[in-house]
Every structure is written in structure tokens, then in C-alpha cells.
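I opened this notebook to keep track of what I looked up in one structure, entry by entry. The notes go from the whole chain to helix pairs and then to single residues.

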Amino acid sequence: MNLNEDQKALLSRAIATFGKTKQMGMVVEECAEVIQGIMKLNRAKSGHYGKSVEEATQNLRFEAADLVIMANQLVEMLGGESEIAPLITYQLERLLPRIEESESKSERPSRGLEQYPRIKG
């Protein structure tokens, strides 16, 4: 997500105030909270969680926002967008052939399994 200059300045201020070590620890914490949120959403979808799917989804949205904030701080701590952007391009270029391979497999005959509905995430 693109941040405006005021938002970027605020993230820089957080790094300066709390330090890189603390903020990297927060990245780890937010990753864990997103993982937990995904697990809770999956349980809500199967009816094994005390909250509705919408409540679990909204909670995951908040956790995702926190993670995006921390990921942006991590980018800055690792040298900024100029260091990370080429790596993003590289990783996305690696992803494309895997997607295309998977798509081509899904176009092959399904060996009689077409009668079963596809599970949607």
C-alpha cells in the first residue's frame, strides 16, 4: 500500500523513537497476530469459533493493517523502497510461471472429480 509523505514521516519517527530492534520485534508480533487472525477466521467459517465470520474478518483486517504498517517500517529499516522494489519485481517474476503452471494443470481433465464442488477460500 502506498503511504503519503506524512504517513512515511510518522513511521520514520516511530523507528527513531523506539529503535530498530524494538520495531523489528513488533514486525514479528504483528506477523503472529495475523497468523492467529487467519486461524480464527478459518475456525469461524467452520463454526468452531465464538464469533461470526464477519467479526473474525474485521479483526483480521485490523491485524492486516497493523502488519502493513510494520512491513513499511521494515522496508525503511532495510534501506528503503529502492532496496526492496527490485526484490519485489524479482519475486513476482518467479511467481508468474508457478501461476501459469497451476492454471494449465487446472485446465487438464480432472479424472472424474468435476462432480465435486471446488472449495473456495
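What follows are my entries, in the order in which I made them.

**Entry 1: the whole chain.** I noted before anything else that this is a predicted model. I then looked up the secondary structure and found 4 helices and 0 strands in the protein, with the elements running α-α-α-α when read from the N terminus. Next I checked burial, and of the 121 residues in the protein, 16% are buried. For the surface I wrote down that the protein exposes about 9600 Å², and that carbon and sulfur atoms supply 59% of that area. I also looked at how far apart in sequence the contacting residues lie: among contacts in the protein with a separation of 6 or more, 60% are between residues 24 or more positions apart.

**Entry 2: H1 against H3.** I asked myself at what angle the axes of H1 and H3 cross. Helix H1 covers residues 5-18 and helix H3 covers residues 53-77, and their axes cross at roughly 70 degrees, coming within 10 Å. Because angles from 65 to 115 degrees count as roughly perpendicular, I recorded H1 as roughly perpendicular to H3. The residues that meet are Lys8, Leu11, Ser12, Ala14 and Ile15 on the H1 side, and Ile69, Asn72, Gln73, Glu76 and Met77 on the H3 side. Sorted by class, this contact of H1 with H3 has 5 nonpolar, 3 polar and 2 charged residues.

**Entry 3: H2 against H3.** I turned to helix H2, which covers residues 20-45, and looked up how it packs on H3. The axes of H2 and H3 are 8 Å apart, and the packing angle is about 155 degrees. Since angles over 145 degrees count as roughly antiparallel, I entered H2 as roughly antiparallel to H3. The crossing of H2 and H3 is left-handed, and by class their contact has 16 nonpolar, 5 polar and 7 charged residues.

**Entry 4: H1 against H2.** For this pair I found that the axes come within 6 Å and cross at roughly 115 degrees. From H1, Ala14, Ile15 and Phe18 take part, and they meet Lys20, Lys22 and Gln23 of H2. The residues of this contact divide into 3 nonpolar, 1 polar and 2 charged.

**Entry 5: Gln23 and Gln73.** Is Gln23 buried or exposed? Gln23, which is found in helix H2, has a relative accessible area of 5% and is therefore buried, the cut-off being under 20%. I then made the same check for Gln73, which is found in helix H3, and at 3% relative accessibility Gln73 also counts as buried. The two residues are 50 residues apart in sequence, while their C-alpha atoms are 7.6 Å apart in space. Leaving aside neighbours within four places in sequence, I listed the contacts of Gln23 as Ala14, Ile15, Phe18, Met70, Gln73 and Met77. With residues up to four places away likewise not counted, Gln73 touches Leu11, Ala14, Ile15 and Gln23. Reading the lists together, I noted that Ala14 and Ile15 are contacts of Gln23 and also of Gln73.

**Entry 6: Asp66.** My last look-up was Asp66, which is found in helix H3. At 30% relative accessibility, Asp66 counts as partly exposed. Asp66 and Val34 are 32 residues apart in sequence, and I wrote down a C-alpha to C-alpha distance of 8.8 Å for them.

Terms used:
Residues are numbered from 1 along each chain as its sequence is written. This is a predicted model: local features need pLDDT of at least 70, side-chain atom pairs count only at pLDDT 80 or more; totals for chains, interfaces and linings use all residues. Side-chain values use heavy atoms; hydrogens and water are left out. Helices (H or I, at least four residues) and strands (E, at least two) are DSSP runs, numbered from the N terminus. Buried means under 20% relative accessible area, exposed over 50%, partly exposed in between (1.4 Å probe, protein chains only). Contact means heavy atoms within 4.5 Å. Accessible areas come from the Shrake-Rupley method with a 1.4 Å probe; for residues, only the protein chains shown count as cover. Axes are lines fitted to C-alpha atoms, for helices over the stretch in contact, and angles run from 0 to 180 degrees between N-to-C directions. Angles under 35 degrees count as roughly parallel, over 145 as roughly antiparallel, 65 to 115 as roughly perpendicular and the rest as oblique. Ala, Val, Leu, Ile, Met, Phe, Trp, Tyr, Cys and Pro count as nonpolar, Asp, Glu, Lys and Arg as charged, and the others, Gly among them, as polar. A crossing is left-handed if the near helix is turned anticlockwise from the far one by less than a right angle, and right-handed if clockwise.
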